[in-house]
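Visitor: Could you walk me through this one? I'm new to reading structures, so let's take it question by question.

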Amino acid sequence: MRAEAPGTAGGLRRRPRLAILSAAAALFGAAVVGMGAGAVQIPATDVLSWALFRLGLAIPPADPMVDAVLTQVRAPRVLMGALAGAGLAAAGVLMQAFFRNPLADPALIGVSTGGALGAVAVIVLGAGPLAGLVAALGPESLAAAAFLGSLGTTLVVYTLARRDGMVDVTTMLLAGIAVNAIAGAGIGLLTFLATDTQLRSLTFWTLGSLSAAGWPALVSVVLPVAAVLAAIPLLSRPLNALLLGDAEALHLGVPVETVKRLLLVLTSVAAGAVVAAIGVVGFVGLIAPHFARLLVGPDHRVMLPLAVVLGALLLLVADTAARTLVVPAELPLGVLTALAGGPLFLWLLRRSRGVAFRA
Amino acid sequence: MPDPLLAVSGLVVRRGGATLVDGVSFGLHAGEVVALVGPNGAGKSSCLRAISGEWTPSAGEIRILGQQLSRWPRRALAARMAVMPQAAHLGFDFLVEEVVALGRLPHHRRGAPAADRAAVDRALAAMRLEALRARRYLTLSGGERQRVHLARALAQADGPERPSLILLDEPTSALDLASQQAALGAARRRADAGDGVLAVLHDLNLAAVFADRLIVLRAGRLVAEGPPGRLIAAGAVAQWYGCQVETATTASGRIATLPAAAS
């Protein structure tokens, strides 16, 4: 990782466009592989000709079953994986800038669990005590509850971890543990109260899965994630300034309070929408930004788009692995991302401690 | 006479029940380097924080180029006033030149990347950071980081509209002799070119070499103001700091202040 001359940047850092293009190409490849893999193996050429057909550029596939599998099952799932990964990575980057700390992750500090609590509450109590709320929020009540749960937990963790305008990492992580535990207990209690039918849809939230991904679920994720991604070009420079500190950003002319409020909302929208659709999947918001920084540095103008593409790639690959490794069963997606992300996080924690002491 | 670059009148700063700055008034004109000096806790940094807009004054008035501070649009102000804080904590691994380029943020809407690059180059050169420009920030020493943030402030104050006001809070606290000279020399040159510099300094010798004027604060009040040579020679330093000092005049006629060997 540090093969270059000590302290001097090199490689892709000077060629960020190459990094983004390579990641995008890898994402395309992973999508084709993901579309082809599964109980029915479909060769890449067939996947590509199907895609051309769906774009209105080619004749329909010879086998109608191929079209059905790709259109009904795999396409929404692959798209959901990519979108959710992009959303989680964006939420991770925004949250890290908000906390001025590269270790913040929506799942790690309880924001995802808070979102899941909101969603679970609507599932279990939606017909009972929360019926009024569900009626008021309409068909998107699940996503709205997840958003509110995410926003609430972000506010709690931020308020607790903030001291003199600085966010204390230790407090942030400890507050995250506590918030995770409290929200987890809430989910546990609701699980206890749940009926058998509700229970089946609940297990899915805690470990995360794309198995429920279909076109309708996809629609409820596209808009929030697209909204967050659309804000990226406007936010990159203020985010860079924010990394210096609130006062420094103010001196650089950034409307700090407005930007931070916006970050809070965008993070909660992205994390909440993804949690509402696929449950709690940890570490994507940590791993994708981390590798993006490693490749092109922390400048959000290049790092943020790269992190989004890497997040999409990461979740897509993880989901393809989750559903093909132990056929016919499916591994829980959250388990896979935690297996990859947990050790990385421990390593980062150790490394960042060294940096803090040297400062 | 044009409006002074900075005019502070009757400034009072109270925080958490304590009065940190108590009725301070002074002005700073374009072309001047003014050093804010005084013992620890005298209110120097609090003064600077109020002037930079980070803290809202409890009473009094601050005007930049004749216009009240609170009436300046944030971004327009940032294009004319650069601030180097006492300690900057940056935990992300930017390159040195990227950190300096962050100072160009208030000028970006003008859309002149060549001007930005030129300003960054000038600031790097002024702080003798050319050799470090592609280094990763987190691999730098404390003094090197301080020079980077000073360069960032210089790049920020290098906008198309002048004069600019440069506020420096203990810019030399972690610097070696050569870097102190580079830092305050750069500030001096910027003032000579028409900008204004207000710097909190602890080192009276540096203040005597580089500043046109000293403003001495003690317990939140302004206790003396004037050219450093005259003020220091008048023998009031011991009184400001509450300790025994010795002063001497160098061969070139500059005044040096040393703490007495024992008290």
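**Strands, loops and an interface**

Guide: Let's begin in chain B, where strand 3 (residues 33–37) and strand 9 run parallel, joined by 4 bridges. Keep in mind that this is a predicted model.

Visitor: Which residue in strand 9 of chain B stands opposite B:Leu36?

Guide: Strand 3 of chain B pairs with strand 9 of chain B, so the pairing is the place to look. Opposite B:Leu36, in strand 9 of chain B, you'll find B:Ile215.

Visitor: And what is the bridge partner of B:Ile215 in strand 10 of chain B?

Guide: Strand 9 of chain B also pairs with strand 10 (residues 221–226), and here the two run antiparallel, with 5 bridges. In strand 10 of chain B, B:Ile215 has as its bridge partner B:Glu225.

Visitor: Is strand 9 of chain B enclosed or open, and how many of its residues are buried?

Guide: A residue is called buried when its relative accessible area is under 20%. Strand 9 of chain B covers residues 213–218, and it is largely enclosed by the rest of the structure because the buried ones number 5 of the 6.

Visitor: Which residue takes a positive phi in the hairpin of strand 9 and strand 10 of chain B?

Guide: That hairpin has 2 residues between its strands. The positive phi there, near 50°, belongs to B:Ala219.

Visitor: What about the open sheet in chain B: which strands stand at its edges?

Guide: The sheet has 4 strands in the order 2-1-4-5, with antiparallel pairing. Each edge strand has a single partner strand, so one of its sides has no neighbour in the sheet. In chain B, those edge strands are strand 2 (18–28) and strand 5.

Visitor: Inside that sheet, which residue of strand 4 is the bridge partner of B:Val12?

Guide: Strand 1 (residues 6–15) and strand 4 of chain B are antiparallel and share 5 bridges. In strand 4 of chain B, the partner of B:Val12 is B:Ala59.

Visitor: Is B:Leu65 buried, partly exposed or exposed?

Guide: B:Leu65 sits in the loop between strand 4 (59–64) and strand 5 (67–68) of chain B. Its phi is positive, near 50°, although B:Leu65 is not a glycine. Its relative accessibility is 25%, so B:Leu65 counts as partly exposed.

Visitor: Where is the residue that follows B:Arg162 across a cis peptide bond?

Guide: The cis bond links B:Arg162 to B:Pro163, with omega about 0°. As for the place of B:Pro163, look in chain B at the loop between helix 5 (142–156) and strand 7 (165–169).

Visitor: How much area do chain B and chain A bury between them?

Guide: In terms of contacts, 33 residues of chain B touch 31 residues of chain A. The rule finds 0 salt bridges across this interface. Carbon and sulfur atoms account for 61% of the buried area, and the total is about 2800 Å².

Visitor: Which three residues supply 25% of what chain B buries against chain A?

Guide: No other three residues of chain B supply more of that area. The trio is B:Phe92, B:Leu105 and B:Arg136.

Visitor: Over in chain A, is A:Leu55 buried or exposed?

Guide: A:Leu55 lies in the loop between helix 2 (44–54) and helix 3 (64–99) of chain A. Together with A:Leu52 and A:Leu57, A:Leu55 makes a nonpolar surface patch of about 330 Å². Its relative accessibility is 64%, so A:Leu55 counts as exposed.

Definitions and conventions: Residues numbered from 1 in each chain as written. Chains lettered and ligands numbered in written order. Predicted model: local features only at pLDDT ≥ 70, side-chain atom pairs only at ≥ 80, totals over all residues. Heavy atoms only, no water. Patch = residues over 30% accessible without salt bridge, like charges linked within 9 Å, V, L, I, M, F, W, Y side chains within 5 Å. Areas by Shrake-Rupley, 256 points an atom, 1.4 Å probe, with all protein chains shown as cover. Salt bridge = Lys/Arg side-chain N within 4 Å of Asp/Glu carboxyl O. Buried < 20%, exposed > 50% of the residue type's maximum accessible area, 1.4 Å probe, protein only. Contact = heavy atoms within 4.5 Å. Buried area = accessible area lost by both parts, 1.4 Å probe.
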